[in-house]
Amino acid sequence: MAPVTPVTPVTVVGLDAAGAPPHPALAPVLATAGLVVGAARHLAAVPVPPGAATITLGPLAPAVHRLAAAVADGVPAVVLASGDPGLFGIVRRLRATGLPLRVVPAVSSVAAAFA
């Protein structure tokens, strides 16, 4: 039986809408990322590594294809999202495509509004 090669999941990191510092888990995954995906404001808010490819979100399909290729090639990928990217965010759409994910949420805008 051939050894099983571990799959590197796509890390989805929520950024706080109120401008709180990003989760400490962002720095190490971002430092090793070969692909970083997010809205223009998210990409501008973090230090994207110089050698990393970036995709500014618009239509989701091209980003999903590039993320799938990154996973297949073992390239670490990060998706930047607003707040808690769970059920009503991008995580639901990415899980539907079968991508392996690791999710690091931030405070959602709804939670912040009620706080």
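**A pocket and its surroundings in a predicted model**

The largest pocket is lined by L15, D16, A17, G19, A20, P22, R41, H42, A45, V46 and S82. Everything said here about this pocket, and about the rest of the chain, rests on a predicted model. The volume of the largest pocket comes out at about 160 Å³. Sorted by class, its lining holds six nonpolar residues, three polar ones and two charged ones. Helix 2, which covers residues 40-45, supplies the largest share of that lining, with three residues. As a general point, rolling a probe the size of a water molecule over the atoms shows where empty space is left.

One of the lining residues, H42, is worth a second look. H42 sits in helix 2. With a relative accessible area of 8%, H42 falls under the 20% cut-off and so counts as buried. Once neighbours within four places in sequence are set aside, the contacts of H42 are L15, L80, A81 and S82. L15 and S82 turn up in the pocket lining as well.

Over in strand 1, which runs through residues 10-15, there is T11. T11 is buried too, at 5% relative accessibility. Leaving out neighbours within four places in sequence, T11 touches V29, A77, V78, V79, R102 and V104.

Stepping back to the whole chain, the protein has five helices and five strands. Followed along the sequence, these elements come in the pattern β-α-β-α-β-α-β-α-β-α. The radius of gyration is 14 Å, close to the 13 Å that the globule rule gives for 115 residues, so the protein is as compact as a globular protein of that length. As for outer dimensions, the C-alpha trace spans about 55 × 30 × 30 Å along its principal axes.

The contacts and the surface fill in the rest of the picture. Of the contacts with a separation of 6 or more, 61% join residues 24 or more positions apart. Buried residues account for 37% of the 115 residues, with H42 and T11 among them. The accessible surface of the protein adds up to about 6600 Å², and carbon and sulfur atoms own 65% of that area.

Technical notes: Residues are numbered from 1 along each chain as its sequence is written. This is a predicted model: local features need pLDDT of at least 70, side-chain atom pairs count only at pLDDT 80 or more; totals for chains, interfaces and linings use all residues. Side-chain values use heavy atoms; hydrogens and water are left out. Helices (H or I, at least four residues) and strands (E, at least two) are DSSP runs, numbered from the N terminus. The radius of gyration is taken over C-alpha atoms; the globule rule is 2.2 Å times the number of residues to the power 0.38. Buried means under 20% relative accessible area, exposed over 50%, partly exposed in between (1.4 Å probe, protein chains only). Contact means heavy atoms within 4.5 Å. Accessible areas come from the Shrake-Rupley method with a 1.4 Å probe; for residues, only the protein chains shown count as cover. On a 1 Å grid over the protein atoms alone, a cavity is a set of points where a 1.4 Å probe fits but cannot get out, and a pocket is an open set with protein on both sides within 12 Å along at least five of seven lines; lining residues have an atom within 4 Å of a point. Grid points are joined across faces, edges and corners, and a volume is the space filled by probe spheres set on the points. Ala, Val, Leu, Ile, Met, Phe, Trp, Tyr, Cys and Pro count as nonpolar, Asp, Glu, Lys and Arg as charged, and the others, Gly among them, as polar.
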